[in-house]
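Hello,

Here is the structure I promised to pass on. Please open it beside this email and follow along.

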Amino acid sequence: MKQENYISVKTFCQHHGVKESFVYSMYEFELLQIDDSKEEALLSTDELPILEKMVRLHKELDINPEGVQAVYHLLQQVEGLQEEVAALKRKLDRFDL
Amino acid sequence: MEFIDYYKVLGIDKSATADAIKKAYRKLARKYHPDLNPNDKEAELNFKKVNEANEVLSDPEKRKKYDQYGKDWQHADEFEKAKRANSQGRSRSSSGYTYSHAGGSEQDFSDFFESMFGGASSFGGRGQKVRFRGEDYHAKLQLSLMDVYTTQKQTLTVNGKNIRLTIPAGIEDEQTIKIKGHGGPGIQGGPAGDLYITFSITNNTAFKRDGADLYKTVQIPLTKAVLGGEILVETLTGKVKLKVAPGTNNGTKVKLKGKGFPKYKKEGEFGDLFLTYTVDIPKNLTEEQKSLFEALEKTNLA
């Protein structure tokens with residue numbers, strides 16, 4: 001495990017002005033992983049894009065953790081559908097319409 | 001430069017209270033927030049407009065200035081003169097409602113806004129930008145289908161940095177690849193963002209593509225369809241000779257194995273080329289040909 005690829009939950013929360021309980025609820029909802037085997041709870045920096053998005057939704061749009069979880073699942077569906085539409089469009093291209 | 005009616009953008013009355021403005025802004029921000037509208041350029045643009053409107057109308061001083069000049073925008077000349085006197089040395093083209101796009105959800109402003117209130121620098125972030133990790137960059141790269149028939153090495157310059165890029169053969173149209181760590185720098189020791197490159201692949205060949213398979217319609221003369229024979233067919237890599245079986249029907253499909261497009265990230269593997277035959281029915285017959293067909297008809301040929 002390379003130390004530089006991790007950030008402590010505490011540091012993250014200080015940077016973003018968000019409560020640690022928010023990050024833990026994201027963990028509880030299985031939106032991200034937290035490594036709590038060490039003295040300090042750590043987040044992989046790979047989780048940051050998702051977590052920062054969730055923090056933005058929480059802070060900018062006043063969405064509570066439960067709402068954020070729902071949004072997360074819907075977003076995944078939207079992105080899956082967007083991919084599917086793109087694939088279908090490519091297939092349709094075969095036929096002269 | 002176009003006048004922007006910020007009240008209209010937020011869908012509120014000119015007499016709206018600060019509270020009503022806030023409410024209207026939050027409602028629209030939820031609708032257009034880029035995190036809720038993935039890959040939606042229109043929503044992104046709307047989000048910027050809404051933010052800009054809020055930036056002006058939620059600030060009593062800016063709102064006052066906007067209300068003052070806003071209603072006289074038709075007399076833009078005087079305003080422009082005053083502006084020139086006020087702020088020298090700002091070199092920025094001012095035409096139309098354009099946004100300088102920096103990618104991501106970074107705030108940026110219309111020319112109208114900048115000419116009235118100066119650049120975005122006059123007021124730092126209002127705690128809107130939530131990031132520690134650097135910004136993700138999004139870029140689009142246009143290639144032709146034949147470009148991606150082979151694996152390409154290309155050097156891109158993104159924000160002054162050269163990035164060597166290997167584009168695997170067979171990449172799909174609108175496929176996005178992520179280049180880790182080549183986005184914006186992190187803030188206070190945070191990790192850098194990523195660079196996303198979306199490929200736009202234009203197909204100006206005679207072939208239709210679906211993944212690694214290629215499709216093409218080939219016309220064959222009526223006589224070859226009936227009697228059989230050989231035809232020459234163009235593939236992506238040159239001409240091939242094909243045997244047409246006697247009695248080939250219109251719409252018959254033929255598969256040429258391995259004559260398709262390279263499979264993405266499977267070196268040396270290719271898809272197939274599917275040909276569909278359409279039988280060319282002759283239209284301008286000579287008298288002789290016509291009588292031959294009539295003779296055929298008399299043989300009760302079905």
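How many residues does each of chain A and chain B bring to the contact between them? Chain A gives 24 residues and chain B gives 20 residues. Keep in mind that this is a predicted model.

Stay with chain B for a moment. On the side that touches chain A, helix H2 (18-32) and strand S6 (208-210) of chain B each supply at least two residues. Sort that side of chain B by class and you get nine charged, seven nonpolar and four polar residues.

Strand S6 of chain B also belongs to a sheet. The sheet is open and has four strands, in the order S6-S7-S11-S10 (chain B). The pairing is mixed. Which strands stand at the edges? They are S6 and strand S10 (253-256) of chain B. Each has a single partner strand, so one side of each is left without a neighbour in the sheet. From one strand to the next, the twist averages 30°.

Now look at how S6(B) is held in the sheet order. S6(B) pairs with strand S7 (residues 213-221) of chain B. The sense is antiparallel, and there are three bridges. To find one on screen, pick B:Lys208: its bridge partner in S7(B) is B:Tyr215.

Next, chain A. Chain A has four helices and two strands. Along the sequence, the pattern reads β-α-α-β-α-α. Of the 97 residues in chain A, 22% are buried. Now take the contacts in chain A with a separation of 6 or more. Residues 24 or more positions apart account for 53% of them.

One helix pair in chain A is worth a look. Two packed helices are described by the angle between their axes and the distance between the axes. Here the pair is helix H3 (residues 48-61) and helix H4 (residues 65-92) of chain A. Their axes come within 10 Å and cross at roughly 130°. Why are H3(A) and H4(A) called oblique to each other? Angles over 145 degrees count as roughly antiparallel and 65 to 115 as roughly perpendicular, so a crossing of roughly 130° falls under oblique. The crossing of H3(A) past H4(A) is right-handed.

Which residues make this contact? From H3(A) come A:Met54, A:Leu57 and A:His58. From H4(A) come A:Val68, A:Val71 and A:Tyr72. By class, the contact of H3(A) with H4(A) has five nonpolar residues, one polar residue and no charged residues.

Best wishes

Note on methods:
Residues are numbered from 1 along each chain as its sequence is written. Chains are lettered from A and ligands numbered from 1 in the order in which they are written. This is a predicted model: local features need pLDDT of at least 70, side-chain atom pairs count only at pLDDT 80 or more; totals for chains, interfaces and linings use all residues. Two residues are in contact if their C-beta atoms, placed from the backbone, lie within 7 Å. Ala, Val, Leu, Ile, Met, Phe, Trp, Tyr, Cys and Pro count as nonpolar, Asp, Glu, Lys and Arg as charged, and the others, Gly among them, as polar. A residue is buried if 20 or more other C-beta atoms lie within 10 Å of its own, exposed if 12 or fewer, and partly exposed in between; C-beta atoms are placed from the backbone. Two strands pair if DSSP finds at least two bridges between them. Axes are lines fitted to C-alpha atoms, for helices over the stretch in contact, and angles run from 0 to 180 degrees between N-to-C directions. A crossing is left-handed if the near helix is turned anticlockwise from the far one by less than a right angle, and right-handed if clockwise.
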